[in-house]
Amino acid sequence: MSKSVKRKIFDRIKKYDTIIISRHTRPDGDAVGSTMGLCEIIKATYPQKRVFLDNDDRSEYMSFLGGEGERPTDGDYKNALVIVLDTGTVKRIANNKYDKGKELIKIDHHIIETDYGDISWVEEERSSVCEMVADFYLTFKDKLILPVHAAECIYTGIVTDSGRFRFKGTSGETMRIAAELIDSGIDLETIYANLGAEDFINLKFRASLISKIKITENGVAYLHISNALRRRNGISQEQASASISLMEHIKGGLIWLAFIENDDKSVRVRLRSRFLGVQELATHYHGGGHECASGATVYSAEEEAALIEEADKLLGEYKKENPGLI
Ligand code: AMP
C-alpha cells in the first residue's frame, strides 16, 4: 500500500516542472527538516525543475539549517504540484495558497482528523515525516540524489520529533533510516551542537520557570507563561514554548501542559504525556496531534481551567486502572 502511494508521488514529482512545498505553522524540526530535505532532493535530482518552499512563518530554533529561499508568485501556482508535509489539517498549513496548484499531495504522520489532497500518504505510527521522506528517498534511491545537507535536514527532523530516539514512534526502521543518513556523511557534531545550544538569558528564564510549575491532585504538571512575563525577560514565544520540556521528568506527572499566551489573547497549549494519550483531550480544545504530543488553543481562563481539570480527571482514572507507573 505505502509502496504504491510512494510510486504515485514519485511519478507526480517527475511529471511537474514547478513544485511548491509547504508545512505547518509554528514549524518544528520535523516540519522544517522534511520540507527543506525534500526540496533539496528534488532540486539535486531535477536541476531543470523550479522548486519552492512557501511558508508564512519561520523557526528561529531551526534557522541553523538555512533559509527557505525565494517564494513562488501566484502565477507559479497555476501549473504547480503542491506538496504539504507534516500537517494534519488544512487549518494548520503555513500558507493560504496551498489549494491554488494543479494537484495537492499530503505527506504526514499525525492522527487523521480530516484528510485532504489528491494523493495522501499518512503513516501515523512513524516517528516523523522526515523518516517518511528518508524512506521515500531510499525506495527510489537509484533515481534520486540526496545531497549531504538534505540528509542533515532530514536527520535533524527525525532527532527532534522522536525526542532523540526516545518516543513511542521510534522503531527499528527509524534507527535503520538514521543509520543510512549518518552513513551519507552528515555532520552529527554540528547538528547536536545547534540543537543543544541556548542563549544564557534563555537558560536563566527557564530556571526561573521551574518555581512556577504547578501540579494537580492526580499529578498533571502545568505552567502558564504570560506575555508580560515573557516580554519582561526578553524571551520570544518560540523560546517560551520550549518550557514544556521542563516538566517532562516529574515522577507521577504522566501528563504535562504548557500554556503560552499568544499576542491575540488566545493561549497556545502544548500537551505531552507518557503511557496514556492526550490527543483526544486536545481535540476538545480546538487541537489535535499525536497520541502523546498534541497542541491546542484556549480562549479564556475558564477554558484553561477546564482543560486542566479534564486532564486531571483523565490521569486520575488512568492511575486507578494502572497503578505503579512512574
Ligand atoms: P506542539 O506542542 O505545538 O509541538 O504540538 C504537538 C504536535 O501536535 C505537533 O505534531 C503538532 O503538529 C500537533 N498540533 C499542534 N497543534 C495542533 C492543532 N491545533 N491541531 C492539530 N495538531 C496540532
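**A predicted model in questions and answers**

Q: In which loop is the place of K100?
A: This is a predicted model. K100 touches Y77 and K78, leaving aside neighbours within four places in sequence. Its place is in the loop between β3 and β4.

Q: Which residue's side chain makes a polar contact with the side chain of K100?
A: The contacts of K100 beyond four places in sequence are Y77 and K78. The polar contact listed for the side chain of K100 has a distance of 3.4 Å. The partner is the side chain of D99.

Q: What distance separates the C-alpha atoms of K100 and H286?
A: K100 and H286 are 186 residues apart along the chain. Between their C-alpha atoms, the separation is 26 Å.

Q: Is D86 buried or exposed?
A: D86 is found in the loop between β3 and β4. Its phi is near 60°, a positive value in a residue other than glycine. Most residues other than glycine have a negative phi. The relative accessible area of D86 is 1%, so D86 is buried.

Q: Which residues does T89 touch, not counting those up to four places away in sequence?
A: T89 lies in the loop between β3 (81–85) and β4 (103–108). T89 counts as buried because its relative accessibility is 6%. Its contacts beyond four places in sequence are E113, T114 and Y116.

Q: With the side chain of which residue does E103 make a polar contact of 2.8 Å?
A: E103 sits in strand β4 and counts as buried because its relative accessibility is 16%. Not counting residues up to four places away, E103 touches R12, K15, Y16, A80, L81, V82 and D118. A polar contact of 3.1 Å joins its side chain to that of R12. The contact of 2.8 Å is with the side chain of Y16.

Q: Which residues touch the most other members of the largest nonpolar core?
A: The largest nonpolar core has 48 residues. The members that touch the most others are I21, I83 and L181.

Q: How many residues make up the other core, the one with L281 and V298 among them?
A: I83 is in contact with I13, I19, I20, I21, S22, L38, I105 and I107, leaving aside neighbours within four places in sequence. Apart from the largest core lies another, which includes L281, V298, I308 and A311. Its number of residues is 20.

Q: Which residues of helix α4 are buried?
A: Helix α4 spans residues 129–139 and is largely enclosed by the rest of the structure, because nine of its 11 residues are buried. These are V129, C130, E131, M132, V133, A134, D135, F136 and Y137.

Q: Which residue caps the N-terminal end of α4?
A: A side-chain oxygen of the capping residue lies 3.1 Å from the backbone nitrogen of E131. E131 is one of the buried residues of α4. The capping residue is S128.

Q: In which loop does F165 lie?
A: Phi of F165 is near 65° and thus positive, in a residue other than glycine. Most residues other than glycine have a negative phi. F165 lies in the loop between α5 (148–161) and α6 (172–183).

Q: Is R176 buried or exposed?
A: R176 lies in helix α6. Its C-alpha atom is separated by 32 Å from that of D57, 119 residues apart along the chain. At a relative accessibility of 54%, R176 counts as exposed.

Q: What percentage of the ligand's accessible area does the protein cover?
A: An oxygen atom of the ligand is 2.7 Å from an N or O atom in the side chain of H110. For R270, the corresponding distance to an oxygen atom of the ligand is 2.8 Å, and a nitrogen atom of the ligand is 3.4 Å from a polar backbone atom of G289. On its own the ligand has 470 Å² of accessible area, and the part covered by the protein is 87%.

Q: Which strands each supply at least two residues of the shell around the ligand?
A: The ligand is surrounded by 15 residues, with R92, H110, R268, R270 and R272 the closest. By type, the shell divides into one nonpolar, nine polar and five charged residues. The strands that each supply at least two are β9 (267–273), β10 (288–289) and β11 (293–298).

Note on methods. Residues numbered from 1 in each chain as written. Predicted model: local features only at pLDDT ≥ 70, side-chain atom pairs only at ≥ 80, totals over all residues. Heavy atoms only, no water. Core = buried A, V, L, I, M, F, W, Y, C linked by side-chain atoms within 4.5 Å. Buried < 20%, exposed > 50% of the residue type's maximum accessible area, 1.4 Å probe, protein only. Contact = heavy atoms within 4.5 Å. Near = heavy atom within 4 Å. Polar contact = N/O pair within 3.5 Å; in protein donor to acceptor, adjacent residues only side chain to side chain. Areas by Shrake-Rupley, 256 points an atom, 1.4 Å probe, with all protein chains shown as cover. Helix = DSSP H or I, 4+ residues; strand = E, 2+ residues; numbered from the N terminus. Nonpolar A, V, L, I, M, F, W, Y, C, P; charged D, E, K, R; others polar.
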